[in-house]
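Colleague: I am new to this structure and would like to go through it by question and answer. Please show it before we begin.

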Amino acid sequence: MRFREEVLAKIFTYITVAVLLGIVAFEAWGLSRERSRRKDAEDNAAVLQEEVENMRDINTTLKKENGELSAFRNKWNVYVSSLTSSEVLELQHDLFMRTDLIPQEAKEEIAEREAGLLAEETDGKSTSEQSSSKNKTSKTDSKSKTTDNARTAKIVVGEYSFDNPNGENIFLPVSANTGDGENCLIYTAAYEEEGSHVIELLYEITLDESGTIARRDTTGEVEWYCVAYQAGGGWKATATKEDAGNDDN
């Protein structure tokens with residue numbers, strides 16, 4: 001009997017120890033999870049704090065930029081055209097249908113420049129041929145004359161339109177207030193139909209105090225004045241605009 005009691009006592013002891021060890025292990029696992037959660041929470045808090053600081057910096061930058069934009073708007077607001085969106089679209093359609101308003105001198109400037117470049121290239125080849133064949137002077141002179149004739153023949157004025165083959169068309173109205181009315185300047189561009197040349201253009205129309213187009217011809221069409229153009233050699237006043245000013249005088 002005593003032996004049996006001792007065995008049972010040991011068994012109960014082992015069971016008690018195992019239960020206690022299980023409890024200790026569970027507590028240790030719980031503490032480990034709690035520490036892991038706390039560490040994750042601290043890391044998340046640090047990240048959130050950093051994001052808050054970044055948001056503050058962004059907010060400060062946006063406030064500064066907003067102030068600069070407001071100052072810019074107040075400075076240039078006088079130059080904002082009074083035309084409505086529908087009027088702008090109507091004017092754009094009207095101008096883009098009238099390719100005859102593209103200054104001829106701008107087209108000729110590009111054509112002459114291209115002809116000059118071609119002539120220089122041809123002259124360079126002629127000079128090279130002349131140096132390599134000194135005994136053929138008469139033939140070289142004849143060839144030089146042929147080159148001059150070809151140079152004249154190569155001045156071909158291309159056709160242009162307002163349709164941009166590579167993207168959206170350009171049509172930007174800008175106001176130039178004069179008090180009683182408004183001179184509305186239109187910036188646009190014309191593109192060579194069979195080439196890559198572009199002519200930047202600045203047109204002018206006149207509006208009255210109510211923002212209605214003030215100048216129309218006898219047929220009722222808008223009177224467009226091309227103020228200046230840029231065909232690769234810098235901005236130049238158009239002869240049309242200068243002639244109009246001389247006629248007024």
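Modeller: Arg56 forms a salt bridge with Glu53, where a salt bridge is a side-chain nitrogen of Lys or Arg within 4 Å of a carboxyl oxygen of Asp or Glu. This is a predicted model: local features need pLDDT of at least 70, side-chain atom pairs count only at pLDDT 80 or more, and totals for chains, interfaces and linings use all residues. Residues are numbered from 1 along each chain as its sequence is written, and side-chain values use heavy atoms, with hydrogens and water left out.

Colleague: How far apart are the closest N and O atoms of Arg56 and Glu53?

Modeller: Both residues lie in helix α1, 3 residues apart, about one turn of the helix; helices (H or I, at least four residues) and strands (E, at least two) are DSSP runs, numbered from the N terminus. Between Arg56 and Glu53, the distance from N to O is 3.3 Å.

Colleague: Is Glu53 buried, partly exposed or exposed?

Modeller: Buried means under 20% relative accessible area, exposed over 50%, and partly exposed in between (1.4 Å probe, protein chains only). Glu53 has 32% relative accessibility, so the residue counts as partly exposed.

Colleague: Which residue meets Asp43 in a salt bridge?

Modeller: The partner also lies in helix α1, 4 residues from Asp43, about one turn of the helix. The side chains meet at 3.3 Å, N to O, and the partner is Lys39.

Colleague: How many residues apart in sequence are the parts that Glu221 and Arg98 tie together?

Modeller: The side chains of Glu221 and Arg98 meet in a salt bridge of 3.7 Å, N to O. Glu221 lies in the loop between β4 and β5, and Arg98 in the loop between α2 and α3, so the parts tied together are separated in sequence by 123 residues.

Colleague: Which residues are joined with Arg98 into one network of salt bridges?

Modeller: Arg98 is buried, with a relative accessible area of 14%, whereas Glu221 is partly exposed at 37%. Salt bridges that share partners join Arg98 into one network with Asp94 and Glu221.

Colleague: Which strand gives the largest share of the largest nonpolar core?

Modeller: A nonpolar core is a set of buried Ala, Val, Leu, Ile, Met, Phe, Trp, Tyr and Cys residues joined through side-chain atoms within 4.5 Å. The largest one has 24 residues, of which Ile199, Leu201, Tyr203 and Trp224 touch the most other members. At least two residues each come from α2 (85-96), α3 (104-132), β3 (182-192), β4 (198-207) and β5 (225-230). The largest share, 5 residues, is from β4.

Colleague: Which residues do ring pairs link into a cluster with Trp224?

Modeller: Rings of Phe, Tyr and Trp (its six-membered ring) pair if their centres lie within 6.5 Å; planes under 30 degrees apart count as stacked, over 60 as edge-to-face and the rest as tilted. The structure holds 6 aromatic pairs. Ring pairs link Trp224 into a cluster with Phe96, Phe162, Phe171 and Tyr203.

Colleague: Is the pair of Phe26 and Trp29 stacked, edge-to-face or tilted?

Modeller: Both residues lie in helix α1, 3 residues apart. Phe26 counts as exposed at 54% relative accessibility, and Trp29 as partly exposed at 46%. The ring centres are 5.9 Å apart and the planes at 40 degrees, so the pair is tilted.

Colleague: How many helices and strands does the protein have?

Modeller: Along the sequence the pattern reads α-α-α-α-β-β-β-β-β-β-α. The secondary structure comes to 5 helices and 6 strands.
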